[in-house]
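Hello,

Here is the structure I promised to pass on to you. Have a look at it first, and then read on for what turned up in it.

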Amino acid sequence: MNDNGNIRLLTPENDMRVRAFFSSLEDLSKRVEKIRDSNKPSLDGERYYNDKELAVKLKVSRRSLQDYRNNGILPYIRVGGKILYRASDIERVLMDGYREAYRLNR
C-alpha cells in the first residue's frame, strides 16, 4: 500500500522482487528444457548408449570401448554399422567388477 491507502500493484516495472522472480522462472524453464532435450526416450523401458555417450559417461576413450568389446568385457548390440550398449548391461558389468574396500589388520 502506498501512503494514501491505495493498493500498489506488484509489476516488474515497480518491484525488483517481481523482476527477480520472473528471472528465476525463466532460468528454471531453460534448465527444464535442457534436461528434456538431453533425455533420450527408452525402448521398452531400456536406455541405450552409443560409443560417444558411453565413453563420456565412463571417462574412457572410444578406442578403449572397442578393446572392451573385442575382449568380451562389454556386451553390445550392432545395428548396421552402429554399436549400441544397453544401460542395464553396463551397470551389471560395473557391479560385477565392484570390490569392497578392505584393510589388513596388523
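Starting from the N terminus, the elements of the protein chain follow the order α-β-α-α-β-β-α. That gives four helices and three strands. Please keep in mind that this is a predicted model. Of the 106 residues in the protein chain, 15% are buried. Among the contacts with a separation of 6 or more, 34% are between residues 24 or more positions apart.

**The sheet**

The three strands form an open sheet in the order E1-E3-E2, and the pairing is antiparallel. Strand E1 (48-50) and strand E2 (77-79) are the edge strands, each pairing on one side only. On average, neighbouring strands of this sheet are turned by 35° against each other, direction ignored.

As a general reminder, the strands of a sheet pair through backbone hydrogen bonds, in a parallel or an antiparallel way. Here, E1 is joined to strand E3 (residues 82-86) by three bridges, and the two run antiparallel. Tyr48 has Arg86 in E3 as its bridge partner, and Asn50 stands opposite Leu84 in E3.

E2 and E3 are also antiparallel, again with three bridges between them. One pair to look at there is Arg78 with its bridge partner Ile83 in E3. The hairpin of E2 and E3 has two residues between the strands, and in this hairpin Gly80 takes a positive phi near 65°.

Which residues of E3 are on its covered face, and which on the uncovered one? Ile83 and Tyr85 are on the covered face, while Lys82, Leu84 and Arg86 are on the uncovered one. Two residues already mentioned as bridge partners thus turn up on the uncovered face: Arg86, paired with Tyr48, and Leu84, opposite Asn50.

**Helix H2**

Helix H2 (residues 51-58) packs on the sheet and touches E1 and E3. The direction of H2 makes about 95° with that of E1.

Which residues of H2 are buried? They are Asp51, Leu54 and Ala55. These residues lie on the same side of H2, because they cover an arc of only 105° around the axis. The general background is that an α-helix has 3.6 residues a turn, so residues three or four places apart point the same way. The other side of H2 has Lys52, Val56 and Lys57, which are exposed. The cover over the buried residues of H2 includes E1, H3, E3 and H4.

**H2 against H3**

In general, two packed helices are described by the angle between their axes and the distance between the axes. For H2 and helix H3 (residues 62-70), the axes come within 9 Å and cross at roughly 100°. H2 is therefore roughly perpendicular to H3. On the H2 side, Asp51, Lys52, Leu54, Ala55 and Leu58 make the contact, and on the H3 side Arg62, Leu65 and Arg69 do. Sorted by class, this contact has four nonpolar, no polar and four charged residues.

**The loop between H2 and H3**

Two residues of this loop are worth a click. Lys59 is placed in the loop between H2 and H3, and has a positive phi of about 60° although it is not a glycine. With a relative accessible area of 74%, Lys59 is exposed.

Ser61 is in the loop between H2 and H3 too. Is Ser61 exposed or only partly exposed? Ser61 counts as partly exposed because its relative accessibility is 38%, and the range for that class runs from 20% to 50%. Its C-alpha atom is separated by 9.1 Å from that of Asp51, 10 residues apart along the chain.

**Helix H4**

The last helix on the list is H4 (residues 87-96), with Ala87, Asp89 and Ile90 as its buried residues. They are on the same side of H4, because their arc around the axis is only 165°. The face turned away from that buried side carries Glu91 and Met95, which are exposed.

What do the buried residues of H4 pack against? Their partners are E1, H2 and E3. This fits with H4 being part of what covers the buried residues of H2.

Have fun with it, and write back with any questions.

Best wishes

How values were computed
Residues are numbered from 1 along each chain as its sequence is written. This is a predicted model: local features need pLDDT of at least 70, side-chain atom pairs count only at pLDDT 80 or more; totals for chains, interfaces and linings use all residues. Side-chain values use heavy atoms; hydrogens and water are left out. Two strands pair if DSSP finds at least two bridges between them. Axes are lines fitted to C-alpha atoms, for helices over the stretch in contact, and angles run from 0 to 180 degrees between N-to-C directions. Contact means heavy atoms within 4.5 Å. Buried means under 20% relative accessible area, exposed over 50%, partly exposed in between (1.4 Å probe, protein chains only). The arc is that of the directions from the helix axis to the C-beta atoms. Angles under 35 degrees count as roughly parallel, over 145 as roughly antiparallel, 65 to 115 as roughly perpendicular and the rest as oblique. Ala, Val, Leu, Ile, Met, Phe, Trp, Tyr, Cys and Pro count as nonpolar, Asp, Glu, Lys and Arg as charged, and the others, Gly among them, as polar.
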